[in-house]
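Colleague: Before I rely on the terms used for this assembly, I should like to hear the grounds for each of them. Please show the model, and we may proceed term by term.

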Amino acid sequence: MGHQAWARAISRRNWFAILVPLAFASPLGAQSSSITVFAAASLTAAFTEIATRFETAGGPNVIFNFAGSQQLVAQLDQAAKVEVFASADQRWMDHARDAGRLAGPSTVFVRNRLVVITPRANPGGINRLEDLARPGKKLVLAAAMVPAGQYSRQVLTRLGRRPDFGANYPARVLANLVSEEDNVKAVVAKVQLGEADAGIVYRSDITPSIAREVSIIDLPDSANVIAQYPIAVLTTAPNPSAARAFVDFVLSREGQAILARYGFEPVSGK
Amino acid sequence: MAIAVATIVLVLLLLLPLVGILLRVDPAQVFQRLGEKPVLDALWLSVKTSTIVTVVVVCLGLPAAYLLATREFAGKRCLETLVDLPMILPPTVSGFALLMAFGRAGIAGKTLSLFGLSLPFTTLGVVVAQVFMAVPFFIGPARAGFASVEQRYLDAAATLRASPSHIFWRVMIPLSRGSLLAGAAMAWARALGEFGATITFAGNLPGRTQTMPLAVYLAMQDDLDRAATLSILLVTMAVILLLGLRRTGLGLFAPRRDATRQPA
């Protein structure tokens, strides 16, 4: 048939009849086969493995958005259909709660601690915590609004209260700050690349491959913060039961074991 | 009919985001927030770096544009590709590449540190990143401008015994000044809006490396009003630039004499 004949055959009314049901079909099909999870950047590796196990065990496909928790909350305002939010601190979960996003109370599902890292070549010659305060060092931290950034500054403040560090320790260390990253993984990257002399990141960020390229300086437990990560199902969840199943899996013994393997500290597993 | 629909869609696509920003902010608030230190820091840093970058790009780009426009030489294709590359590369890739070259452990970085120069985390690093991204935006129009200068003017100058340098500065440049200025304006705009390479290579520190685009990105994550204020600033600067260029009737931005025809 000629072109014009085709056009007549598939008239405008016919197009609607074909396209509209298709438009409805795909989202519905997709909904029951995937859930969207917004999770803090530090959870990238652990949650990816949890999702694989979850899917193998019969759960729906999990689609992730990993970023700084503050950025995720900002995106929640714009995004529809997010099922689960896992934050690196209670502060940003509270923001989400105050904005009316949570379908129920949040649950702390894992803990984390901070460590100081330097490039393996240690160009800044930083071997002890006191060295961070020596002038002329290049320190990279997450920005203050990022959970890791907030925790880092808390740790510095706590160290400043100890007599062997001195009250102006936090100020001297922060004077060495050369960049504020918007998520903790970017801090890791700057240290790994050797551009920063030191950075403060989560213990869980020290994956085997990262461990080969950085040196770790431990923080004393008394000064360290214990980061509490809450998780919650959201009001925008198109599939609340699947969302709930994912959260339960994270809290289950298997989920907690996976988190522990990635350097997190599990909460008392079920 | 189809033309009208397509144009309306295009206008909506371009206009709605701008209107969206304007609606987000209360005008009184904008003036109030303009005085805040992070906003002023970012504004000053952006204006300072983009101006320096434009000067550097013009100085570095004029010779290359002249060569590409007037000469044939071995490797001309390579030079063309190289000069266009930053325009095609994703900015974060450019930033990463800059780190590999000029980072502390980079190819040239080690040499630079011998001279006491360090680029990452410095304002100079911001300038380098912006120069890298903005160069193609100047060389393109500059080369086109040089290439469009009619040979007879150059020949006439030569017969009057003008030196090559005199021909370049007193004949070629004035005759192509529209394109040169348009290219410089494009480079300035590109430098002003540069984000990916800057945050990757130079980092993000208020007052030192946090230019306006970086400040908007960070502000969107916890202070939407500041993000809106900075965005409106950037949009305003862009609009002023475009209108200013149109008024002076220069180069790419000159009011065009379009071929208007009566509908058949």
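Colleague: Which residues line the largest cavity?

Modeller: The model is a predicted one. Its largest cavity is lined by A:Ala40, A:Ala41, A:Ser42, A:Gly68, A:Ser69, A:Ala88, A:Val146, A:Pro147, A:Ala148, A:Asn183, A:Val184 and A:Tyr202.

Colleague: What makes this space a cavity and not a pocket?

Modeller: A cavity is a set of points where a 1.4 Å probe fits but cannot get out, whereas a pocket is an open set. The search of the whole structure finds 1 cavity of 30 Å³ or more. The space in the largest cavity is about 50 Å³.

Colleague: How is the lining of the largest cavity divided by class?

Modeller: The lining comprises 8 nonpolar residues, 4 polar residues and no charged ones. Gly counts as polar, and Tyr and Pro as nonpolar, so A:Gly68 falls in the polar class and A:Tyr202 and A:Pro147 in the nonpolar class.

Colleague: Why is the pair B:Arg104 and A:Asp197 called a salt bridge?

Modeller: The term requires a side-chain nitrogen of Lys or Arg within 4 Å of a carboxyl oxygen of Asp or Glu. In this pair the closest N and O atoms are 2.7 Å apart, therefore the pair meets the rule. The count between chain B and chain A is 1 salt bridge.

Colleague: How many residue pairs are in polar contact across the interface of chain B and chain A?

Modeller: The rule finds 12 such pairs, with both residues at pLDDT 80 or more. On the side of chain B that touches chain A, helix 5 (91–102), helix 11 (196–202) and helix 12 (212–219) each supply at least two residues. Helix 5 of chain B gives the most, with 3 residues. By class, that side has 12 nonpolar, 6 polar and 3 charged residues.

Colleague: What is the area buried between chain B and chain A?

Modeller: The buried area is about 1700 Å², and carbon and sulfur atoms give 53% of it. In chain B, the residues that lose the most area to chain A are B:Arg104, B:Phe121 and B:Gln221, together 43% of what that side buries. The contact takes 21 residues from chain B and 20 residues from chain A.

Colleague: How many helices and strands does chain B have?

Modeller: Its secondary structure comes to 13 helices and 0 strands. The C-alpha trace of chain B spans about 70 × 65 × 30 Å along its principal axes.

Key: Residues are numbered from 1 along each chain as its sequence is written. Chains are lettered from A and ligands numbered from 1 in the order in which they are written. Side-chain values use heavy atoms; hydrogens and water are left out. Contact means heavy atoms within 4.5 Å. Buried area is the accessible area (1.4 Å probe) that two parts lose on being put together, summed over both. A polar contact is a pair of N or O atoms within 3.5 Å; within protein, one must be able to donate a hydrogen and the other to accept it, and residues adjacent in sequence count only if both atoms are side-chain atoms. Helices (H or I, at least four residues) and strands (E, at least two) are DSSP runs, numbered from the N terminus. On a 1 Å grid over the protein atoms alone, a cavity is a set of points where a 1.4 Å probe fits but cannot get out, and a pocket is an open set with protein on both sides within 12 Å along at least five of seven lines; lining residues have an atom within 4 Å of a point. Grid points are joined across faces, edges and corners, and a volume is the space filled by probe spheres set on the points.
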